[in-house]
Amino acid sequence: MYKSEQLAYNIKQLIENGSLKANEKLPSLRDQVDRSGLSLMTVLNAYQELESQGLIYSIEKSGYFVAGIFSPLIPSNPNPTVALNAKVKINSLVFKYLKSIQPSEVVPLGSAFPNHQLLNPPKLIQIMGQLTRNRQNFEQNNNLPPGNFELRKLIAQRYCMQGIPTQPDDIVITSGCLDALNLSLQALTKAGDYILLQETIFYGAWQIAERLGLKVVTIPEHPQEGFDIEAFEQAIQTYPIKVCWFMLNCHNPIGFTVNEKIKFQIAKLLHEYQIYLIEDDVYEELFYRGTKPLSMKYFDQHNLVLHCSSFSKTLGSTFRIGWVYAGKFSEHIQHLQLMSTISANTLMQNALVEFISNHHYEKHLRVLRRNLEKNKRIFFEYFKKNLPAGCEIHNYAGGYFLWLTLPSHISSMTLYEHLIQQNIGVAPSQLFNVQHAQKNHLRINCSFAWTKEIEMAVKQLIKYMSKLQN
Ligand SMILES: Cc1ncc(COP(=O)(O)O)c(C=O)c1O
């Protein structure tokens, strides 16, 4: 164990056994250095690790504090089991939900996309404007699968910078991340195959499994680590799993990021059992503590991981540009693409090449992360002060969602159905988890500035929660 991990572990023990109380101030970095004899960097790393796990929080110029109402534990199934969900049926529910939150008058606390005011950077719009004025840009057809070479080169460079050797030919450009995930699962499975999902997962995974007629095995979340490595091993020993689909960085909807030790163990087991992994890493750029978390692709020595991502959460969901690190599956995926979406938008691919190669993307990401962190903190503070007793907030250093746990007798579906009548959208846990016991959580999109309208909507949400509780 590194020294910073040891220090983080010691502090975590003190929090979990109650020696350090909610909102208690931790020793300053300097004091901790003096007490422990460790370097400032080591102490800082330990504090940042605890912050990323949501165990402590920082206030500018005041220091670090133990998190309050906020639960260090990931809400998990009260009866954690590896479960087989042979016939998945979720498409109608997701369809109805997405339709209901679409109208512009609905307050978008249930949306999966960040506040569009933080996206669509003016420089990118300007580049698109310039490109649309040149007729030649509409006549090119060199962006057919696998997609624009220059864009694939830039994406490959970004992988290389994270220590993942990548060639442009490993990458296939797709129409967003969902297209990448869809094509990958289609390439690796046939109807009736077994796949493995985390128990709580982005509804897109359930939808695609339903469409492809797959048998879904799930593993429960681990209350501390997010990912339960023992349940994973048990599942792959019990069922003939062909493919896993995991989200391990800034998980949607819960928000946690799984540590590197566990990612390494997952990679080892994938190799041992020869199972492919489709990695949904669409929030990979939205961490905001320390360095960017590593993807599973980093730990993949045997080409078993298909890494999927997009620009939807960082630049804009309407651009519909994503990619898959397909490696040896590139040809197969291109074949499937030519039979479905054909190619991703050509003009947009050209615009992204210019935007990224002129270093506008990194600058935009820095501002975006800062704003998302700031906005989420305001929501968090408000919920912390005002949520009725018996509720918990799960807050992690990244993304823009808060995951709320309500007392177990309250169904988040009832809350959603009531609030949508008042044009307030919230995402109930039934969209992400098909286990009946997991019905009392809500995902709240906190990427918005704290306006009067947002405050009113959050007040209504809390008021109705309190009413249901009594
Ligand atoms: C976890 C997750 N994966 C994939 C997607 C799909 O991303 P895209 O809009 O790029 O298709 C979303 C969108 O909400 C998401 O939340």
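**Figure 1. Residues around the ligand in the predicted model****.** Of the 16 residues around the ligand, the nearest are Cys177, Asp280, Ser310, Ser312 and Lys313. The structure shown is a predicted model. Classified by residue type, the shell around the ligand holds nine nonpolar, four polar and three charged residues. Helix H8, which spans residues 176–188, makes the greatest contribution to this shell, with four residues.

**Figure 2. Polar atoms of the protein beside the ligand****.** A polar side-chain atom of aspartate 280 is placed 2.7 Å from a nitrogen atom of the ligand. For lysine 313, a polar side-chain atom is 2.7 Å from an oxygen atom of the ligand. Leucine 178 takes part through its backbone, with an N or O atom 2.8 Å from a ligand oxygen atom. The ligand taken alone exposes 390 Å², and the protein buries 96% of that area.

**Figure 3. The aromatic pair of tyrosine 283 and phenylalanine 401****.** A search of the whole structure yields 20 aromatic pairs. In the pair shown here, the ring centres of tyrosine 283 and phenylalanine 401 are 5.9 Å apart and the planes meet at 65°, so the arrangement is edge-to-face. Tyrosine 283 belongs to the loop between strand E10 (276–280) and helix H12 (296–299), whereas phenylalanine 401 belongs to strand E14 (residues 401–405); the pair therefore ties together parts that are 118 residues apart in sequence. Tyrosine 283 is buried at 2% relative accessibility, and phenylalanine 401 is buried with a relative accessible area of 4%. The ring of phenylalanine 401 also lies beneath the charged end of arginine 443, which sits over the ring at 4.3 Å from its centre.

**Figure 4. The aromatic pair of tyrosine 382 and tryptophan 450****.** The two ring centres, of tyrosine 382 and tryptophan 450, are separated by 4.9 Å and the planes are at 45°, so the pair is tilted. Tyrosine 382 is part of helix H15 (residues 360–386), and tryptophan 450 is in the loop between strand E16 (441–445) and helix H17 (452–469); the pair therefore ties together parts that are 68 residues apart in sequence. Tyrosine 382 has a relative accessible area of 16% and is buried, whereas tryptophan 450, at 24% relative accessibility, counts as partly exposed.

**Figure 5. An aromatic cluster and a charge over a ring****.** Phe202, Tyr203, Trp403 and Phe432 are linked into a cluster by ring pairs. In a separate view, the charged end of lysine 297 sits over the ring of tyrosine 325, at 4.3 Å from the ring centre.

**Figure 6. Threonine 314 and its polar contact with tyrosine 361****.** Threonine 314 is located in the loop between strand E11 (305–310) and strand E12 (322–325). With a relative accessible area of 2%, threonine 314 is buried. The side chains of threonine 314 and tyrosine 361 are joined by a polar contact of 2.9 Å.

**Figure 7. Proline 253 and leucine 431****.** Proline 253 is found in the loop between strand E9 (241–246) and helix H11 (260–273). The relative accessible area of proline 253 is 0%, and the residue is buried. From C-alpha to C-alpha, proline 253 and leucine 431 are 9.6 Å apart in space, while 178 residues apart in sequence.

Definitions and conventions
Residues numbered from 1 in each chain as written. Predicted model: local features only at pLDDT ≥ 70, side-chain atom pairs only at ≥ 80, totals over all residues. Heavy atoms only, no water. Near = heavy atom within 4 Å. Polar contact = N/O pair within 3.5 Å; in protein donor to acceptor, adjacent residues only side chain to side chain. Areas by Shrake-Rupley, 256 points an atom, 1.4 Å probe, with all protein chains shown as cover. Helix = DSSP H or I, 4+ residues; strand = E, 2+ residues; numbered from the N terminus. Nonpolar A, V, L, I, M, F, W, Y, C, P; charged D, E, K, R; others polar. Phe/Tyr/Trp six-rings, centres within 6.5 Å; stacked < 30°, edge-to-face > 60°. Buried < 20%, exposed > 50% of the residue type's maximum accessible area, 1.4 Å probe, protein only. Lys NZ or Arg CZ within 6 Å of the ring centre and 35° of its normal.
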